[in-house]
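Here is a short tour of one protein chain. Start with its pocket, then move on to its cores and one of its helices.

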Amino acid sequence: MQLMLPLLLAAPALVAAHGAVTSYIIGGKTYAGYEGFSPQPNAQIIQRQWPDYNPIMTVTDRRMTCNGGTSAPLSASIAAGENITAVWKQWTHQQGPVMVWMYACPGSSFQGCDGQGKGWFKIDQMGLYGTSLNSNDWGTGVVYKTLKWSSKIPAALKPGKYLIRHELLALHQANTPQFYPECAQLDVTGSGSATPSGSFLASIPAYASQSDPGIMVDIYQGKATTYKCPGPDVWTG
Ligand SMILES: *[C@@H]1O[C@H](CO)[C@@H](O)[C@H](O)[C@H]1NC(C)=O
Ligand SMILES: [Cu+2]
């Protein structure tokens, strides 16, 4: 037992080192999300309850879809063209992109909406906005400073039931990507009729290969000054 003690003491530090979306703001209204590590059977939230926010290390991991979260009892209504702001209680890493994805639920309920198949598209992303990979000039650096990320639902998007997935890809360890994705359930309203197709769509897990230069990166090697986010281009409608 004595040998176990240092491990137990180290555990809270590991928990504190990461982060996840914990609430959402739409039109001035805050929607509680999940706070992590103790899924509640009847939590009245719009977010799919993730079991923990330890990093996912491979883009093909099954948990990439919604960090292991499968359903939530509630959804939030949002008009196409309106912004949704994701809020993190804490976030620690400053290198790597923010990518915001959506997925049209094929049926009329969220229950059977499992995020499988080639149905995910990006509505927003920010990779490196400066010229040094080894800087804090990244989307996740903005989340570090503000603990928020605001994205516009494309104004032309067809109304319906959608998952929204906020993904932070932390690149602070050379060639050791860490993915932090969470999903919430949205009822998109409006009079749009557009849906993305073709190269805008991807499957999650595995929206890119693990060796994609946007995923397998050494930000400290000092050569590259540009960065391309992995996965499809952003669809703006
Ligand atoms: C809405 O989201 C877009 C990004 O999609 C952002 O550029 C803009 O600043 C946001 N607007 C507000 C009011 O937060
Ligand atoms: Cu972390």
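## The largest pocket

The lining of the largest pocket divides into 1 nonpolar, 5 polar and 4 charged residues. This is a predicted model. The pocket holds about 170 Å³ of space. Arg-48, Arg-62, Arg-63 and Asp-114 are among the residues that line it. So are Thr-65, Cys-66, Gly-68, Gly-69, Thr-70 and Gln-116.

## Two cores

Nonpolar side chains tend to be buried together in soluble globular proteins. Two separate cores can be listed here.

| Core | Size | Residues include |
|---|---|---|
| Largest nonpolar core | 31 residues | Met-102, Ile-153, Ile-164, Leu-186, Val-188 |
| Second core | 28 residues | Trp-120, Ala-202, Tyr-207, Tyr-227 |

The residues named for the largest core are those with the most contacts inside it. Strands β1 (21-26), β3 (76-79), β4 (83-88) and β5 (98-104) each give it two or more residues. β6 (120-126), β8 (160-170) and β9 (178-189) do so as well. Leu-186 touches Met-102, Ile-153 and Ile-164, among others. Its contacts also include Ile-26, Ala-76, Phe-110 and Tyr-162.

## Helix α2

Helix α2 spans residues 139-146. Gly-139, Thr-140, Gly-141 and Val-143 are buried in it. What do the buried residues of α2 pack against? They pack against β4, β5, β6, β7 (148-152) and β8. Leu-147 follows α2, and its phi is positive, near 55°.

## Confidence

The mean pLDDT of the chain is 91. Of its residues, 92% reach 70 or more. Residues 1-15 stay under 50. For that stretch the model has 3 contacts beyond four places in sequence.

Technical notes: Residues are numbered from 1 along each chain as its sequence is written. Chains are lettered from A and ligands numbered from 1 in the order in which they are written. This is a predicted model: local features need pLDDT of at least 70, side-chain atom pairs count only at pLDDT 80 or more; totals for chains, interfaces and linings use all residues. Side-chain values use heavy atoms; hydrogens and water are left out. On a 1 Å grid over the protein atoms alone, a cavity is a set of points where a 1.4 Å probe fits but cannot get out, and a pocket is an open set with protein on both sides within 12 Å along at least five of seven lines; lining residues have an atom within 4 Å of a point. Grid points are joined across faces, edges and corners, and a volume is the space filled by probe spheres set on the points. Ala, Val, Leu, Ile, Met, Phe, Trp, Tyr, Cys and Pro count as nonpolar, Asp, Glu, Lys and Arg as charged, and the others, Gly among them, as polar. A nonpolar core is a set of buried Ala, Val, Leu, Ile, Met, Phe, Trp, Tyr and Cys residues joined through side-chain atoms within 4.5 Å. Buried means under 20% relative accessible area, exposed over 50%, partly exposed in between (1.4 Å probe, protein chains only). Helices (H or I, at least four residues) and strands (E, at least two) are DSSP runs, numbered from the N terminus. Contact means heavy atoms within 4.5 Å. pLDDT is the predictor's confidence in each residue, from 0 to 100.
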